[in-house]
Amino acid sequence: LTPGPTVTFNIQDRDGCIIGYDEVSRLASLNTPPIQLRTGCFCNPGACQEALSLAEFDVIEQYQSGHVCGDRRGVINGKPTGAIRASFGKDSLWEDLNALVTFIQKVFVSRGDALSSRTRLLADKSSDTSTNENVAVIESLFVFPIKSCAAMKVNRWPIHQTGRLSFDREFALVDSSGSAMRLHSHPRMSEIHPRIDFDANRLVVSAPHCDDLVLSLNTPITDDESINPEDVQICGILCKGTIWGGRKASSWFSSVLGVRCWLARHHVGKPNAASSRSERDDGLAYSNEASLLLLSQNSITALNSVISSQGWGQQVVSRHFRPNIVVSSSSDAQKDTEQQLASNPEDFWNKICIKNENHTLELDAVGKCARCQMVDIDPDSGMKGNTLRALAEYRRERGKILFGTFFSGNSKNEPRDVFWIEEGNEVCAS
């Protein structure tokens, strides 16, 4: 091959694991100055497969997992799905190349030892905790009736045995292709405030300068057949759904966002043994990965200390990260900066028990939440900040930026129609 102005590459971490092109691209865009890279398979999947030495089995497995072009999934089961491409032209300067090399050294090479040391520090400190330090209380509860829209803050709310709060992510806005619309692509979704009215059994949605949209939770309006609700996609995964509110809802949301869209409501269809792994038919509704997302106030305090120390502007609140439950520790707040960086206690919780007056609900940890540019969106103004950049300083792990922990229902839970949790409930973690 003749050397040219286009350089295609991937980056490995110190353990030889591929760092996803999606993470590299995100961090490059946050660099000063910002660096624009092209990533993926560059519209040539055959050449991509050969260059990455992927067997046919690998490609089929990636497809069956729901991987599609543009889904920002750079690594699946330890195998890359694409590469990174830097292009230089007649107007490029030596400084442009130097900026790219410096970025890679600073983010992926120079900080390798420091990041590993900090990771070990987190593990050491987490293993030296007393029983009291594993007891927390629910500080805030949030329900997101419509995926990627504003939170509904509640004091008390029912939760399913799966761990999902009632009506959480039960609705989603979908575009003409059937893909769920996301906040990072449509920041005005932060101005849409849905709320569930249990007494009247209805969904009420408000937005600035608009009359409220009121929809029954009992019966859908079936006067719009311009989109197939069976084809709703969440991160490339097919989910069952029903168009809800018909043309009335479509017109209202399309007017607010300036793009044609529909309101879909999740439903669980009959099991289909012939369906592929890229189809999801479960109790997650339109959640990305798991039933419930938990975040501690300790973690938010630690992040704000990083934002302040780097001079990266406005501090964040829990709603930046769209958690369902925010807990506060019963132990005294730590003051030392290094201790604050280590105070993400939910990282090390394998199980939590939420106790109300009469019963206990057990939830199992199923993984940490990988973050994207959505956390940069201010939940009130819709403006972008530097949250992801701050998290990348100390929360990168094997190609992902992790913050918060997912939980799902435990088989030990007693079958019950309704289990209510509320602010102030005790959370015991182990």
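Here a biologist asks a modeller how the labels used for this predicted model follow from its values.

Biologist: Let's start with the whole protein. What does it hold in helices and strands?

Modeller: There are 9 helices and 27 strands. Buried residues make up 46% of the 430 residues. Among contacts with a separation of 6 or more, 72% are between residues 24 or more positions apart.

Biologist: What makes S254 buried or exposed?

Modeller: Its relative accessible area is 16%. Buried means under 20%, so S254 counts as buried. S254 lies in helix 6, residues 246-257. Leaving aside residues up to four places away in sequence, S254 touches V259, R260 and C261.

Biologist: And which sheet does helix 6 pack on?

Modeller: Let me describe the sheet before the helix. It is an open sheet of 3 strands in the order 11-18-17, with antiparallel pairing. Strand 11 (171-174) and strand 17 (241-243) are the edge strands, as each pairs on one side only. From one strand to the next, the twist averages 35°. Helix 6 packs on this sheet and touches strand 11, strand 17 and strand 18. The direction of helix 6 makes about 120° with that of strand 18.

Biologist: How do you know that strand 17 and strand 18 are paired?

Modeller: Pairing asks for at least two bridges. Strand 17 and strand 18 (residues 262-266) are joined by 3 bridges, so they pass, and they run antiparallel. For a place to look, find T242, which stands opposite R265 in strand 18.

Biologist: Now the aromatic rings. Why is the pair of F171 and W244 called edge-to-face?

Modeller: A pair of aromatic rings is described by the distance of the centres and the angle of the planes. The structure holds 7 aromatic pairs. For F171 and W244, the centres are 6.4 Å apart and the planes stand at 75°. The centres must lie within 6.5 Å, and an angle over 60 degrees counts as edge-to-face. Both conditions are met, so the pair is edge-to-face.

Biologist: What makes this pair a link between distant parts of the chain?

Modeller: F171 is in strand 11, while W244 is in the loop between strand 17 and helix 6, and they are 73 residues apart. F171 has a relative accessible area of 0%, so it is buried. W244 is at 7%, so it counts as buried too. Elsewhere, ring pairs link W157, F167, F198 and W420 into a cluster.

Biologist: Why is strand 25 described as largely enclosed by the rest of the structure?

Modeller: Because 8 of the 10 residues of strand 25 (residues 400-409) are buried.

Biologist: Which strands are joined to strand 25 by bridges, and how many bridges are there?

Modeller: Strand 20 (residues 292-296) is joined to strand 25 by 3 bridges, with L293 opposite F406. Strand 23 (residues 360-370) has 6 bridges to strand 25, and D364 stands opposite S408. Strand 24 (residues 396-397) has 2 bridges to strand 25, and the bridge partner of R396 is I401. Each of these strands runs antiparallel to strand 25.

Biologist: What makes helix 1 mostly covered?

Modeller: In helix 1, 8 of its 10 residues are buried. They are Y21, D22, E23, V24, R26, L27, A28 and L30. The axes of helix 1 (residues 21-30) and helix 4 (residues 94-109) come within 11 Å and cross at roughly 115°. The contact is made by E23, V24, L27 and A28 of helix 1 and F103, V107 and F108 of helix 4. By class, that contact has 6 nonpolar, no polar and 1 charged residues.

Biologist: One last topic: what stands out about phi in S53 and R322?

Modeller: Most residues other than glycine have a negative phi. S53, although not a glycine, has a positive phi of about 55°. R322 is also a residue other than glycine, with a positive phi near 55°.

Biologist: Are S53 and R322 buried or exposed, and how do you know?

Modeller: S53, in the loop between helix 2 (45-51) and helix 3 (56-64), has a relative accessible area of 64%, so it is exposed; the cut-off is over 50%. R322, in the loop between helix 7 (297-310) and strand 21 (325-329), is at 11%, so it counts as buried.

Terms used:
Residues numbered from 1 in each chain as written. Predicted model: local features only at pLDDT ≥ 70, side-chain atom pairs only at ≥ 80, totals over all residues. Heavy atoms only, no water. Axes fitted to C-alpha atoms, helices over the stretch in contact; angles between N-to-C directions. Helix = DSSP H or I, 4+ residues; strand = E, 2+ residues; numbered from the N terminus. Contact = heavy atoms within 4.5 Å. Nonpolar A, V, L, I, M, F, W, Y, C, P; charged D, E, K, R; others polar. Buried < 20%, exposed > 50% of the residue type's maximum accessible area, 1.4 Å probe, protein only. Phe/Tyr/Trp six-rings, centres within 6.5 Å; stacked < 30°, edge-to-face > 60°.
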